[in-house]
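I opened this entry to log what I looked up, strand by strand and then core by core. My notes follow the order of the lookups.

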Amino acid sequence: MGLLQLFLVLCTFCTSSVAGFGVDPALRISVFDELTLGEAFDGVTQVQGFHSESRAFHFQGTSREVKAPAEVSKRMVQKLKGKNEFTVLATLKQDHLNSGVILSIHHSEHRFLELESSGQRSEVRLHYRTRSHQDHTEVFPYSLADNQWHKVSVAVSASHVILHVDCNRIYERVVEAPYMDIPEDTSFWLGQRNAAHGFFKGVMQDVEILVMPQGYISQCPDLNRTCPTCNDFHGLVQKIMELQDILAKTSSKLSRAEEKMNGLDGCYCERTCSVKGVIYREDEGWTDGCRNCTCTNGTVQCDAISCPPPQCPAGTAPAYVKGACCKECLPVCLFGGRDLVEGDQKAVRDSSGRCLLFECRDRSMHRVVQSEPCPELNCPESEQIALSSRCCKVCRGHDFCSEGHGCVEHSDCVNLEAGDCCVCKDGFRPLRDDNAYCEDIDECAEGKHYCRENTMCVNTPGSFMCICHTGYIRIDDYSCTEHDECLSGLNNCDENALCFNMVGGHSCSCKPGYTGNGTVCKAMCDGLCQNGGTCVSPNNCVCQQGFTGERCETDINECKTGRNTCANDTVCFNLEGGYDCRCPHGHNCTGDCIHDNKVKHSGQIWVLDSDRCSVCSCQAGQVMCRRMVCDCDNPNADLFCCPECDPRLSSQCLHQNGLLTYGSGDTWVENCQQCQCLQGQVDCWPLPCPPVDCEFTVVPEGECCPRCVTDPCQADTIRNDITKTCTDEHNISRFSGSSWIKHGTECTLCQCKNGHICCSVDPMCL
């Protein structure tokens with residue numbers, strides 16, 4: 001057999017072995033398919049994923065609710081219920097510094113299974129319930145929120161947990177086994193903990209739960225290979241061909257975009273106005289009801305139409321016409337000694353009581369023959385009203401407005417006993433005598449408002465608002481009082497100054513022992529701080545490096561005390577306020593550093609190219625790197641590196657109870673977790689507890705950390721010792737940690753705790 005034939009055989013065998021790894025559908029929970037994602041969830045849109053073989057979705061915003069319906073949640077939970085081996089898989093690209101939940105299965109406040117990624121603390125957290133019915137969080141220090149694609153899997157097998165990222169085994173731990181007896185009415189959320197917290201922001205793909213311990217192999221088949229394969233080569237060739245196709249399409253789009261951009265050089269952009277769905281150009285005018293309007297610099301400006309008194313010739317009379325603002329001259333008819341205009345109708349009843357209806361048309365009255373009989377009325381005859389404009393009677397309280405009316409702009413139709421009329425809405429005045437068109441009353445300009453002292457009147461459509469002057473707070477809708485900026489803390493006084501509230505503001509004065517303008521106060525030490533020392537409080541000096549003493553009068557000999565950084569090949573010489581490392585004759589003691597194949601001189605400071613939030617320095621041949629120190633008092637602080645300094649309202653967070661708000665950088669404690677707000681996102685992690693070295697521990701009610709107890713029956717956690725067994729009522733030996741139903745009872749549960757038998761009655765069993 002030739003070498004090429006052997007290579008093809010190996011490729012065929014290995015490819016089939018990898019592709020042959022499959023998962024029983026009964027053991028797979030495809031979360032995207034179960035939730036029919038993309039059809040009914042706001043804030044979730046389908047996008048291009050890490051690969052094109054399955055759908056990917058972009059999760060954004062905080063107003064979404066990606067929650068499985070009750071039946072779907074019940075079906076998914078049923079596959080997990082009682083299982084102690086499962087794997088959570090996801091391919092994701094999480095926004096930088098975002099802290100969000102990938103998926104959460106919880107009932108009430110208890111999280112039975114939740115996978116969370118914290119970009120703020122660079123952690124992956126697995127939340128679950130233990131068999132001792134305690135909430136537990138396993139924290140894996142790792143950053144997924146870097147706006148890069150990652151394959152993530154968390155495999156659980158009883159008390160064994162393995163975290164893989166990008167097909168690399170990151171952590172493998174032994175933990176307390178999870179309790180998966182999940183209630184049927186449990187909630188199943190994707191991309192968030194609930195409707196208010198834990199919003200994941202970024203793209204997710206292939207989110208699955210496999211009810212098997214080594215499900216990561218389906219995500220990373222290489223982890224299960226026993227021989228080399230050519231499948232990688234075929235996949236690489238395919239990906240290169242796909243990239244070439246994408247590159248060609250992108251180049252074509254860029255070329256067309258450049259052509260369009262070149263054509264924009266000769267364009268002139270003008271501001272337009274949009275009114276009732278119609279676009280008007282600059283300086284274009286139109287008539288809107290009883291107003292003449294013009295589009296000026298993108299703003300609509302309107303003036304009321306002034307109607308001159310109509311000069312109507314003989315045989316005509318002024319009357320309003322539908323769609324026109326001013327009265328027009330219409331032909332009239334003389335009927336029963338009264339003038340009727342074109343279109344008016346008049347009902348006449350003869351001696352027999354029969355009703356005849358006439359209409360004015362072409363200067364004469366014409367009889368109108370009704371095509372349908374009058375409707376039957378459901379009111380007594382005493383409540384029936386005869387109308388002058390129709391033959392059919394109506395019941396008292398008839399809704400004439402519902403039959404159509406001419407009340408147009410800021411005007412309401414009002415029913416009368418025998419007809420209807422138009423009435424201007426509150427805050428508007430009529431533009432014509434029938435109140436069909438009305439205009440807004442500027443209460444502020446006309447002095448028709450109730451705004452009192454310390455306020456400014458602002459006109460609004462149909463009303464007005466009273467706005468408080470700067471430095472004042474609202475008492476009611478019409479008046480404001482002075483704001484105590486000292487009491488509220490909203491002042492710029494120095495911490496060593498006294499604040500005095502004043503009308504419209506405040507003043508600051510430095511405390512005794514300090515000097516300054518009140519905004520900045522410095523301590524006074526009567527010039528006693530020597531050698532450049534700084535006075536930090538009255539008669540209290542902070543010395544510069546190299547000096548000590550109450551007045552910084554003593555030089556520190558760094559060479560004798562060992563407080564120097566001289567390398568072994570240099571000699572230390574003490575100086576006033578410092579020291580010098582001198583290189584002996586014939587030695588090379590430059591102290592330079594090599595970093596990223598570049599020479600950095602001793603004392604040089606630079607920012608990492610790969611991380612603008614890290615600062616490095618060269619110190620006597622050693623490269624020292626640290627995170628940038630955040631100074632939130634500096635208005636030029638980099639919010640990318642220092643999100644805790646973000647003062648914007650959009651960066652505030654809502655407390656879990658929905659009643660409190662926190663600013664970016666604020667911290668608080670909730671349900672035994674330390675929480676922090678950073679740029680509008682809440683991240684919580686377990687409170688650190690001091691280690692306890694004892695056999696039996698309990699977490700007292702209202703506390704978060706375990707304490708040692710001597711009574712094993714009071715303990716909720718024990719350090720099991722399998723050598724300490726118990727003997728039950730049948731003389732059967734029981735290992736520590738085992739439990740059984742006491743003989744002769746149905747509701748008494750006993751447990752062996754390191755040689756001690758503890759029994760209790762289950763109240764739910766009674």
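I began with strand β9, residues 149-157, and found 6 bridges joining β9 to β10 in an antiparallel run. This is a predicted model, so I read every value below as computed from that prediction. For one pair across β9 and β10, I noted Ser153 opposite His164 in β10. The two strands make a hairpin with 2 residues between them. In that turn, Ala158 has a positive phi of about 55°.

Next I went to the other partner of β10. Strand β11, residues 168-174, is joined to β10 by 6 bridges, and the two run antiparallel. Here His164 stands opposite Arg169 in β11. I had already logged His164 opposite Ser153. The hairpin of β10 and β11 has 2 residues between the strands, and Asp166 there takes a positive phi near 55°.

Is β10 enclosed by the rest of the structure, or open? I checked burial over residues 160-165. Of the 6 residues of β10, 5 are buried, so the strand is largely enclosed by the rest of the structure.

Second lookup: the sheet of β22, β23 and β24. The sheet is open, its 3 strands come in the order β22-β23-β24, and the pairing is antiparallel. Why is one side of β22 left without a neighbour in the sheet? β22 (345-349) stands at an edge and has a single partner strand, so one side has no neighbour there. The same holds for β24 (364-368). Neighbouring strands of this sheet are turned by 35° against each other on average, direction ignored. I then traced one pairing. β22 and strand β23, residues 355-361, are joined by 5 bridges. Ala347 has Leu357 in β23 as its bridge partner.

Third lookup: the nonpolar cores. The largest has 46 residues. Leu37, Phe59, Leu80, Leu190 and Met204 touch the most other members. I listed the contacts of Phe59, leaving aside neighbours within four places in sequence. Among them are Leu37, Val44, Val66, Leu190, Phe200 and Met204. Arg64 and Lys201 are also in contact with Phe59. Another core lies apart from the largest one and holds 12 residues, including Cys510, Tyr514, Cys521 and Cys529.

Last, the record. UniProt, in an unreviewed entry, lists "domain: EGF-like" for residues 440-481, 482-522, 523-553 and 555-590. I checked one of these in the model. Residues 440-481 are 10% helix and 43% strand. The end C-alpha atoms of that stretch are 30 Å apart.

Methods:
Residues are numbered from 1 along each chain as its sequence is written. This is a predicted model: local features need pLDDT of at least 70, side-chain atom pairs count only at pLDDT 80 or more; totals for chains, interfaces and linings use all residues. Side-chain values use heavy atoms; hydrogens and water are left out. A nonpolar core is a set of buried Ala, Val, Leu, Ile, Met, Phe, Trp, Tyr and Cys residues joined through side-chain atoms within 4.5 Å. Buried means under 20% relative accessible area, exposed over 50%, partly exposed in between (1.4 Å probe, protein chains only). Contact means heavy atoms within 4.5 Å. Two strands pair if DSSP finds at least two bridges between them. Helices (H or I, at least four residues) and strands (E, at least two) are DSSP runs, numbered from the N terminus. Axes are lines fitted to C-alpha atoms, for helices over the stretch in contact, and angles run from 0 to 180 degrees between N-to-C directions. UniProt positions are given in the numbering used here, feature names are shortened, and annotations may be inferred rather than shown by experiment.
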